[in-house]
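This report walks through surface patches, charge pairs and backbone features of one protein chain. Please keep the sequence and the structure open while reading.

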Amino acid sequence: PVLNTALMESLLGDMMLFTALSTGLIGLFLTVVFRRVLGVFIPLSIALLSLFATLGAMGTIGIPAMPISEIVPSFLLRMGVGASVHLIAIFLQRLGQGSTREEAIAGALSHSGLPITMTILTTAGGIASFASADLLPIAVFGVVAPLGILLTLVLTLLLAPALLAVMPLAALPETSASPRDAATQASDAQDAPSIRMLTRAGDFATSHATHVLTACGILTVLAVVGILRLEVSFDSLDWFPDDLPAKVAARKLDADMGGSMSLELLVETSQPNGLHDPEVLQAIDRARHTSTGLQVGLVSARKSISLVDILKEIHQALNEGRPEARVVPDDQSLISQELILFENSGSDDLEDVVDSEFRIGRMTFRTPMVDGSHYPPFSAEVARIFNEELPEGTTAKLTGMMVVMGRSFTASIETMFRSYGIAVAVITPLMMLLLGSFRLGLIAMIPNLFPIVLTLGLMGWVGVPLEMFSLLIGSVALGLAVDDTIHFMHGFRRGYSE
C-alpha cells in the first residue's frame, strides 16, 4: 500500500510537470517555426482543449488515473499540434502566394484535410487495439487515447479554420497580390533555408537510393541482433528513486527479514477437519521445507508460515519444549486435541492460517522483491512441489502479490505485442485505401515500422530493458511515423499526378 501510494503521488505530479514542460517546449518550437501568434496559439489551443476534454470525460465516466495514464497528455499534445500545424503551414503558404484569407483556408483544408483525417483515424484505429488488453490500465489507454484523438480531429477541422478566419495576420496581405508579387513570393519561399535543406535531403536520397536502402538494410540486421539481446523487465521497485523511504524500507525487509514480497498458497482438502489429517500436514511440511530452500532465478523463499508451523510449536510446548518434539504428531486425534486446546487458550492466531472448518489452509512464503519477470517460474515450481507432495484429494492453489505481479508482467507483454500486431493489421489496409495502391500501401509501412525496430534494437544493444511503459512508447512512435508517412505519400501522389 505504501509503494502504491508513492506511485500514484509520483504519477500525478509527473503528469502535471511533464504536461507543462511539453506545452512550453512545443510553444517554443512553434514560435521558432512560424514566428506568428496564430502559429503558436492555434495548435496549443487545439491540443490543450482535446486534452482537457479527454480528462473531463474520464472524470465524468469515472475512469481513474492509472500508471499508464501518464502517457496520455503527451500523446494528445503531440496529436493536436501535429494535425493543426499542417493546416497552418499551407494556410500561410497560400497567403504568401497572394490568396485571400478565405481562399487560403479553403486551400489548406483541400490540401491537408484528407491526410489529417486519415492520419487521425489510422492512429485512433491502431491505438484502439489496446482496448483488447488483459490488463485494465492498458485497456483503458486503448479507450481514452482514441477518444482524445477523435476530439482532436473535430477541433482541428472546425476550431482551427474558425480561428484562422478571425485572428490577426500581422503583416501578411489580406487581398490577392499581383501575379508578379505572387511569383516573387513563391521564389523567395523556395530559397528559404528549410526548403533548401529538405530539397538537398530529397536529392541525396533519390540520387543515392541504393546506398540509403543498403544502409537501412544493414541497420535492420543490426537491430534484429539487438532485439535478440533485449531483456524484458517488470521491476516496479526500480521505478522509484533510491532515497524514497518506502523503497529503503522494502530493501531492508528483503535483506534482513525474509522479504517484502509474498507468495500465498491455499491448500484445500476435500472434507471438514481435513487439516487434522497427519498425512496431509506432513506432506505440507515436506513441500514447505523443499520450497523454502528453493531458488529460481533471482527469487528465493526465505521464510514461511502456516498451520503446520503453529501446530509444531504447540506440540513442542506441550512436551516440555524439547527440540525433538517440534514435529507434526502422527495421531490425528492428538492433533485435534492440541488445536482445540490452543483455540480455547484465547489465541486467535489460527484464524490467519486456516478456515473455521479446518478444510482450507493458508501457506505464506516471504521472498525479496525483485524483477517481476522472475516470479512466474518460481511460482510454477512451488506449485509443482506441493502438488507432487500432497495426497490425492488435496490441492494447492497459488495466489498473493507475487502471482498478481507475475501475471501482470506476462499479460502486459502478451497483450502489448498482440495489440501492436492488431494495430499494424488495421493501419496497413487504411494506408492502402488512402494511397489507392496495394503496393504503395506496403511500401509506406516500411518507414512506419523501421523506427520501432531500430529503437528496440538500440535498447537491446545498450541494455535498456523492455517493460510496460517503454512498450507504450512504441504506440507514440507508430502514430508519429504513420502521420508523417501519410502526409508525405499523399503529397507524393498529388505531385506525381501533376
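In this predicted model, helix 8 (209–228) and helix 15 (438–462) each contribute at least two residues to a nonpolar patch. The patch lies on the surface and consists of I218, L219, V221, L222, V225, L454, L458, W461, V462 and V464, which together have about 870 Å² of accessible area. Helix 8 gives the largest share of this patch, namely five residues. One of the patch members, L458, belongs to helix 15, and with a relative accessibility of 53% L458 counts as exposed, because the cut-off for that class is over 50%.

A second patch on the surface is negative and is formed by E343, D348, D349, E351 and D352. Within this group, D348 is placed in the loop between helix 12 (332–344) and strand 5 (360–367), and its relative accessibility of 46% puts D348 among the partly exposed residues.

**Overall form**

The chain contains 16 helices and six strands. Its C-alpha trace spans about 110 × 50 × 40 Å along the principal axes, and its radius of gyration is 32 Å, whereas a compact globule of 498 residues would have a value near 23 Å. Of the 498 residues in the chain, 45% are buried.

**Charge pairs**

Side chains of opposite charge can pair when their charged atoms come close. How many salt bridges does a search of the whole structure find? The search gives 15 salt bridges, and three of the pairs are set out below.

| Pair | N to O distance | Accessibility of the partners |
|---|---|---|
| R78 and D483 | 2.8 Å | R78 buried, D483 buried |
| D242 and K247 | 2.8 Å | D242 exposed, 64%; K247 buried, 3% |
| D256 and K252 | 2.7 Å | D256 partly exposed, 48%; K252 partly exposed, 47% |

The salt bridge between the side chains of R78 and D483 has an N to O distance of 2.8 Å. Because R78 lies in helix 3 (residues 71–96) and D483 in helix 16 (residues 468–497), this pair ties together parts that are 405 residues apart in sequence. Both R78 and D483 are buried.

The pair of D242 and K247, also a salt bridge with 2.8 Å from N to O, joins partners that fall into opposite classes of accessibility. At 64% relative accessibility D242 is exposed, while K247, with a relative accessible area of 3%, is buried.

For D256 and K252, the salt bridge has an N to O distance of 2.7 Å. These two residues are four positions apart in helix 9 (residues 245–256), so about one helical turn separates D256 from K252. D256 is partly exposed with a relative accessible area of 48%, and K252 is partly exposed with 47%.

Apart from these pairs, a network of salt bridges links E268, E357, R359 and K397.

**Positions far apart in sequence**

Is L237, found in the loop between helix 8 and helix 9, buried or exposed? Its relative accessibility is 0%, so L237 counts as buried. The C-alpha atoms of L237 and L466 are 15 Å apart in space, although the two residues are 229 residues apart in sequence.

F488 is placed in helix 16, and at a relative accessibility of 60% F488 counts as exposed. Along the chain F488 and P115 are 373 residues apart, yet their C-alpha atoms are separated by 9.3 Å.

**Backbone angles in two loops**

Most residues other than glycine have a negative phi. Against that background, R35 has a positive phi of about 55 degrees, although R35 is not a glycine. R35 is found in the loop between helix 1 (2–34) and helix 2 (37–61), and it is exposed, with a relative accessible area of 66%.

E320, likewise a residue other than glycine, has a positive phi near 60 degrees. The loop that holds E320 runs between helix 11 (307–317) and helix 12, and at 71% relative accessibility E320 counts as exposed.

Notes
Residues are numbered from 1 along each chain as its sequence is written. This is a predicted model: local features need pLDDT of at least 70, side-chain atom pairs count only at pLDDT 80 or more; totals for chains, interfaces and linings use all residues. Side-chain values use heavy atoms; hydrogens and water are left out. Patches are made of residues with over 30% relative accessible area and no salt bridge: like charges are joined within 9 Å, nonpolar side chains (Val, Leu, Ile, Met, Phe, Trp, Tyr) within 5 Å. Accessible areas come from the Shrake-Rupley method with a 1.4 Å probe; for residues, only the protein chains shown count as cover. A salt bridge is a side-chain nitrogen of Lys or Arg within 4 Å of a carboxyl oxygen of Asp or Glu. Lys and Arg count as positive and Asp and Glu as negative; His and the chain ends are not counted. The place of a charge is taken as NZ of Lys, CZ of Arg, CG of Asp or CD of Glu. Buried means under 20% relative accessible area, exposed over 50%, partly exposed in between (1.4 Å probe, protein chains only). The radius of gyration is taken over C-alpha atoms; the globule rule is 2.2 Å times the number of residues to the power 0.38.
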